[in-house]
Amino acid sequence: MKKMSKKILFFGNERLATGVITGAPTLQALIAAGYEIPAVVVAQNEVGRSRQVRELEVATVAKTHSIPVISPADLNKARNELSAFNAKAAVLIAYGKIVPEAILNLFPHGIINIHPSLLPKHRGPTPIESAILQGDTETGVSLMRLSNEMDAGPVYAQKTVLLRGDEIKPFLATQLLNLGKDMLLEHLPGILSGELEPTAQDGSKATYDKLIEKSAGKLDFNKPATVLEQEIRAYTGWPRSRTTIGTTDVIITKAHVSDGKGKAGNLWIESKQLGVYSGEGVLIIDSLIPAGKKEMSAQAFLAGR
């Protein structure tokens, strides 16, 4: 009986949502399970701005295990380098760039992708944020084979996660990544042996999510308070939800919704609580970060004024 190859090339940084860091649990789990990772391929080696630039978590893990980290400017031009690793399959988690067909064809068992949604719903770059923004009652993870069309490849397995409606982006991203890691370890032997075949998606049911711009973080109080509260949870970390209270620029980190009618944008202050009237209801602010200061409760913010 032919021995199954356990050599797998690893693509991506495991950061499933913008502004969310990771401990690279999938890469660590593959190494612990005895898979040979000849290289980690990332779109960029470091992240951050100005003096806050730091090494990616997957790069730190890779270096700890003496695994080379490469960052090709053009994957097509790196085809020979990638081919030389002689991996029969690859795993991709949040690579951040389109993988050309010439690279897909390098791997007899394909590139296996962990996508944090129940495909074909939420194809695109922001499935976690979009599930929160749209008030979805469930999301999940799809283990799929990468194709040359965005998130349209056939699916090996899916698992559903029920949403309570209070999920914050970093915590949901971590939950889905850990679920995806477990699914990958469970199904990878069947994929590599050829025993597990993927099922085509129903493209007629596909939905697509767009990139989130930094400008999305500016709170528009003409929107319903429910929508604003969802934005605050979805934009945690980046782009963060910003407004001005009096003359102070603030980032709102936590809020809840209450009934009330008033002119959108006007302050609501009652029983040491701080809120803002919206297009529908009141956005009650629980915690915030005033410019140049640390996160504090709304009560502390009011007490200082």
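# Report on a predicted model

The side chains of H122 and D209 are joined by a polar contact of 2.9 Å. The model described here is predicted. Residue H122 lies in the loop between β7 and α5, the latter spanning residues 127-133. With a relative accessible area of 3%, H122 is buried, because buried residues are those under 20%. Leaving aside residues up to four places away in sequence, H122 touches H115, S117, P127, S130, A131, Q134, D136, T207 and D209. The partner in the polar contact, D209, is thus one of the residues that H122 touches.

## The sheet and helix α1

Strand β7 also belongs to an open sheet of seven strands, arranged in the order β5-β2-β1-β6-β7-β8-β9 with mixed pairing. Strands β5 (69-70) and β9 (155-162) stand at the edges; each has a single partner strand, so one side of each is left without a neighbour in the sheet. Strand β9 runs antiparallel to β8, and seven bridges join the two. Within this pairing, G140 has T160 in β9 as its bridge partner.

Helix α1, formed by residues 25-32, lies across four strands: β1 (8-11), β2 (40-41), β6 (89-92) and β7 (111-115). The helix runs at about 170 degrees to β1.

## Residue E138 in strand β8

Strand β8 covers residues 138-145, and E138 is found in it. What is the relative accessibility of E138, and how is the residue classed? The value is 37%, so E138 counts as partly exposed. Not counting residues up to four places away in sequence, E138 touches L118, T160, V161, L162 and L163. Among these contacts is T160, which is also the bridge partner of G140. Another of the contacts is L118; E138 and L118 are 20 residues apart in sequence, while their C-alpha atoms are 8.7 Å apart in space.

## Salt bridges

The count of salt bridges in the model comes to ten. Three of the pairs are set out below, with the distance between their closest N and O atoms.

| Pair | Closest N and O atoms |
|---|---|
| K63 and E55 | 2.6 Å |
| E231 and K223 | 2.6 Å |
| E229 and R233 | 2.7 Å |

The residues in these pairs can also be described by their accessibility. In the pair of K63 and E55, K63 is exposed, with a relative accessible area of 53%, whereas E55 is partly exposed at 32%. In the pair of E231 and K223, E231 counts as buried at 5% relative accessibility, and K223 counts as partly exposed at 30%.

Where are E229 and R233 placed relative to each other in helix α7? They are four residues apart in this helix, which comprises residues 225-234, and are therefore separated by about one helical turn. Both E229 and R233 are buried, and the salt bridge between them has its closest N and O atoms 2.7 Å apart.

Salt bridges also link R164, D166 and E167 in a network.

## Summary

In this predicted model, the buried residue H122 shares a side-chain polar contact with D209. The open sheet of seven strands has mixed pairing, with β5 and β9 at its edges. Residue E138 is partly exposed and is found in strand β8, which is joined to β9 by seven bridges. The salt bridges, ten by count, include the one between E229 and R233, residues of helix α7.

Definitions and conventions. Residues numbered from 1 in each chain as written. Predicted model: local features only at pLDDT ≥ 70, side-chain atom pairs only at ≥ 80, totals over all residues. Heavy atoms only, no water. Buried < 20%, exposed > 50% of the residue type's maximum accessible area, 1.4 Å probe, protein only. Contact = heavy atoms within 4.5 Å. Pairing = 2+ DSSP bridges. Axes fitted to C-alpha atoms, helices over the stretch in contact; angles between N-to-C directions. Salt bridge = Lys/Arg side-chain N within 4 Å of Asp/Glu carboxyl O. Polar contact = N/O pair within 3.5 Å; in protein donor to acceptor, adjacent residues only side chain to side chain.
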